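This report sets out computed features of one protein model for a reader who has the sequence and coordinates at hand. It moves from aromatic contacts and enclosed space to strand pairing and backbone geometry.

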Amino acid sequence: MKAIRRFTVRPVLPEPLRPLTELARNLRWSWHEGTRELFASVDPGRWDGDPVHLLGRVPPSRLDELAVDEEFLARLRTTAADLREYVTGPRWYQEQTGSELPAGIAYFSPEFGITAALPQYSGGLGILAGDHLKAASDLGVPLIGVGLLYRHGYFRQSLSRDGWQQEHYPVLDPNELPLTLLREPDGSPAQVALALPHGRQLRAHVWQAQVGRVPLLLLDSDVEENDLGERDVTDRLYGGGSEHRLLQEMLLGIGGVRAVRTYCRLTGHPEPEVFHTNEGHAGFLGLERIAELAEEGVEFDPALEAVRAGTVFTTHTPVPAGIDRFDRELVARHFGPGAELPGIDVQRILGLGMETYAGGEPNLFNMAVMGLRLAGRANGVSTLHGKVSREMFAGLWPGFDPEEVPITSVTNGVHAPTWVAPEVFRLGAQQIGAQRTEDAFTVGGSERWDAVADIPDDKIWELRRVLRSHLVDEVRERLRASWRQRGAGAAELGWIDGVLDPDVLTIGFARRVPSYKRLTLMLRDRDRLMDLLTHPERPVQIVVAGKAHPADDGGKRLIQELVRFADAPRVRHRIVFLPDYGMAMAQKLYPGCDVWLNNPLRPLEACGTSGMKAALNGCLNLSVLDGWWDEWYEPDFGWAIPTADGAAMDEDRRDALEAAALYDLLEQRVAPRFYERGPGGLPDRWIEMVRRTLTSLGPRVLAGRMVREYVAKLYAPAAHAQRGLDIGAARELAAWKGRIRSAWPHVAVDHVEAAAVGSTAELGATVALRVRVRLGELQPDDVEVQSVTGRVDSEDTLTDAVATPLKPAGGPDLEGRWIYEGPLALDRTGPFGYTVRILPSHRLLAAPQDLGLVLLPSELTGEGAGVLMR
């Protein structure tokens with residue numbers, strides 16, 4: 001029989017135990033070992049890592065025992081006081097001086113990976129967003145997180161008997177999660193609403209998760225006032241067709257801003273000065289903020305400038321296929337009169353997202369393009385990804401070389417307290433004390449962790465063996481459960497007790513399974529792989545996990561191919577595939593591996609933070625030079641897999657070459673170093689690589705470092721720009737841009753001439769440059785005339801270019817022409833050249849490339865314009 005209605009019955013805690021509720025509702029427990037240990041002691045037999053779940057199941061008799069247990073109550077008081085100090089006391093952000101930091105920052109993301117107990121994530125984007133919130137909390141950054149509450153979360157994964165991925169969507173009850181419903185003063189649920197075509201409405205409640213100091217607002221459309229279709233808008237992460245996804249993204253962006261306004265009204269939290277869009281899914285938030293200004297009588301163009309000033313956009317994808325794009329008619333149907341944002345001209349909305357540039361699809365509305373057009377500042381998530389992004393979106397800034405496209409980069413980081421094994425933390429605490437270790441993991445700031453150098457080799461090696469043993473136990477337990485799901489009986493599974501060995505070199509590979517991550521590259525030469533797995537003296541064992549998107553049959557076939565290989569009796573004790581990869585599994589997998597493998601197609605890995613989490617636990621990386629590894633790889637930290645990425649290389653040949661390079665590294669360098677023993681019986685050279693990984697790589701990969709960079713490079717400048725662009729200034733800037741665009745066709749470089757000051761073009765010589773330009777209706781204050789110098793290649797293309805402003809020296813003449821002059825210093829040897837260009841210039845521009853306008857001389861402007869030396 002099935003129940004006709006379901007209730008969540010909350011326990012009534014005895015008065016002395018009431019602080020347990022506060023501790024359970026604040027997700028700091030997910031990264032605070034002391035709080036987790038306290039909850040584990042409440043009822044060790046029922047503890048499953050989720051305090052809310054635990055308190056709903058612990059018997060009243062046990063609660064009565066604890067209510068008079070003075071030792072437990074003392075620990076409870078200490079832990080509760082520590083949390084109160086954590087959420088109210090000054091932290092890094094509050095101690096910053098000399099800069100006016102934003103009073104509030106809103107951070108929007110379609111998914112958040114905070115803890116396995118709140119399954120609202122699918123992969124790296126969500127885990128990164130969760131780590132961003134946790135690090136912001138540790139640093140005291142006044143962030144408000146905004147997302148959606150998916151009643152089915154992302155799917156749970158199991159395998160069929162023949163290894164095919166199967167998806168399951170368990171229903172999540174918010175009342176059983178660490179969430180609180182945001183309520184109005186009269187007790188009614190706070191609600192936001194969006195207007196839909198044909199007079200319908202999409203309503204949503206706002207649930208709040210408390211992530212340390214940071215509130216996370218999650219919008220939930222499963223409310224009684226909605227029709228069935230609208231109730232399902234937030235049913236599952238990355239599900240449904242185009243209209244379903246569009247409604248999700250409208251709710252996230254537009255509804256999310258309304259939820260933030262409601263939260264600030266109800267709690268007194270400072271209104272955000274900066275809005276951060278984590279990938280394009282939340283891009284509509286800029287439209288809502290324009291609409292807010294429109295209601296105050298501000299015209300569209302000034303409102304756009306005001307909104308852009310305080311908006312940060314982070315792109316996470318290195319391929320156009322990773323971006324949500326919608327048919328323009330679908331978007332047009334959901335905006336304007338009779339739908340959402342009726343006060344804004346639909347054509348202006350469409351103009352923000354249409355791919356109106358060379359190579360674009362003119363009928364598609366691109367969420368990343370809208371995100372970039374609505375943001376004054378943008379970044380990729382590693383140095384290489386920043387470069388790839390500048391090339392991918394260069395069409396938005398025609399006339400500029402890709403390296404000048406105004407997209408910077410902040411390399412991702414990971415939240416060490418979440419991903420570092422307790423045993424690693426304890427070893428650090430023994431060395432430098434618990435508080436210094438916690439500060440090193442959260443705030444960071446030091447370039448090296450030199451204290452690691454003093455840890456004896458035998459302690460490091462014993463730690464690695466303990467972590468490997470924990471992983472072996474975890475793998476056997478999960479593998480047994482997986483085989484039972486696949487239909488195997490207990491009598492068939494005795495072999496699982498011999499799966500993996502705590503003394504064998506262990507390699508981890510776990511991630512989503514799109515084709516570019518190449519899950520099955522390791523299977524390219526199965527005989528070589530089998531030889532590695534079963535080597536009599538230097539065996540290797542591999543733990544693999546990952547989910548394919550439910551609609552990606554190609555990814556599912558890759559999983560099935562690997563599972564069938566791992567099922568073979570000859571190797572199943574050395575290679576395993578674990579289904580249902582998620583945070584709980586990852587927290588055991590990263591510490592327990594000796595080597596973390598990553599072999600994507602370069603440069604398709606934007607950052608790839610799993611290797612960072614492994615490194616913080618003393619695991620060495622073996623990876624293609626992509627994402628963060630391209631930036632920070634050194635032979636001290638691991639190994640680089642050579643890439644065969646020439647333009648003429650076909651896919652099959654490339655995979656064969658890179659797989660062969662992978663096998664060579666494992667056979668000739670990785671495995672020998674792991675098993676090689678020094679005079680004391682320890683793998684001295686391996687331990688030294690672990691030590692150097694922790695010493696030099698550890699501080700770089702922290703989310704604390706990442707968030708501090710966001711504050712310095714993006715949040716503080718955005719807040720400064722936002723304050724400097726009041727409505728009057730925004731109107732001035734918008735009017736100036738309109739005047740520049742109108743006059744730009746009449747701007748020209750008339751003539752360029754250069755005269756060497758010395759007798760020859762030698763290093764150290766100076767060339768006097770004189771340029772005559774036509775500005776039409778513009779004045780010198782409206783533009784900047786620059787010389788651009790650098791090396792030239794065989795086609796006279798400038799590389800490593802340096803731009804230098806020239807100064808007005810006269811004009812205008814009778815034809816409205818101005819003279820600009822300046823010196824060119826020949827400061828490098830070899831082929832050297834220059835050009836000149838004219839850019840719009842205004843004190844309120846975020847970047848000179850802002851308008852996407854640049855004027856270069858024609859080939860007929862003067863013999864002096866071009867190459868000085870070959």
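The paragraphs below describe selected local features of this model.

The model is predicted, so that local features need pLDDT of at least 70 and side-chain atom pairs count only at pLDDT 80 or more, while totals for chains, interfaces and linings use all residues. Residues are numbered from 1 along each chain as its sequence is written, and side-chain values use heavy atoms, with hydrogens and water left out.

**Aromatic contacts**

The structure holds 21 aromatic pairs, where rings of Phe, Tyr and Trp (its six-membered ring) pair if their centres lie within 6.5 Å, with planes under 30 degrees apart counted as stacked, over 60 as edge-to-face and the rest as tilted. One of these pairs is formed by W483 and W495, which meet edge-to-face at 6.0 Å centre to centre with 85° between the planes. W483 belongs to helix α18 (residues 457-485), whereas W495 lies in the loop between α18 and β15 (505-510), twelve residues apart; helices (H or I, at least four residues) and strands (E, at least two) are DSSP runs numbered from the N terminus. W483 counts as buried because its relative accessibility is 11%, the class being defined as under 20% relative accessible area, with exposed over 50% and partly exposed in between (1.4 Å probe, protein chains only). Elsewhere, ring pairs link W461, W639, F674, Y675 and W686 into a cluster.

Two arginines placed over ring faces are listed here, the rule being that NZ of Lys or CZ of Arg is within 6 Å of the ring centre and within 35 degrees of the ring normal.

| Charged residue | Ring | Distance from ring centre |
|---|---|---|
| R28 | Y86 | 4.2 Å |
| R486 | W483 | 4.1 Å |

**Enclosed space**

A cavity is a set of points on a 1 Å grid over the protein atoms alone where a 1.4 Å probe fits but cannot get out, and lining residues have an atom within 4 Å of a point. Grid points are joined across faces, edges and corners, and a volume is the space filled by probe spheres set on the points. The count comes to six cavities of 30 Å³ or more, and the largest has a volume of about 80 Å³. Its lining includes W483, R486 and W495, together with residues such as L159, D567 and F577. The elements that give two or more residues to this lining are α18, α20 (553-567) and β17 (575-578).

**Strand pairing and backbone geometry**

Two strands pair if DSSP finds at least two bridges between them. Strand β26 (residues 817-825) runs antiparallel to β22 (residues 766-774), and nine bridges join them, with T766 partnered by A825. Strand β25 (residues 807-810) also pairs with β26 in the antiparallel sense, over three bridges, and there K807 has E821 as its bridge partner. The hairpin of β25 and β26 has six residues between the strands, and G811 takes a positive phi near 125°. The peptide bond from G811 to P812 is cis, with omega near 0°.

Another cis peptide bond joins R602 and P603, with omega about 5°. Most residues other than glycine have a negative phi, and most peptide bonds are trans. Phi of R518 is nevertheless positive, near 55°, and R518 counts as buried because its relative accessibility is 5%. D580 likewise has a positive phi, near 65°, and lies in the loop between β17 and α21 (583-592).

Note on methods
1 Å grid on protein atoms, 1.4 Å probe; cavity = no way out; pocket = protein on both sides within 12 Å on 5 of 7 lines; lining within 4 Å.
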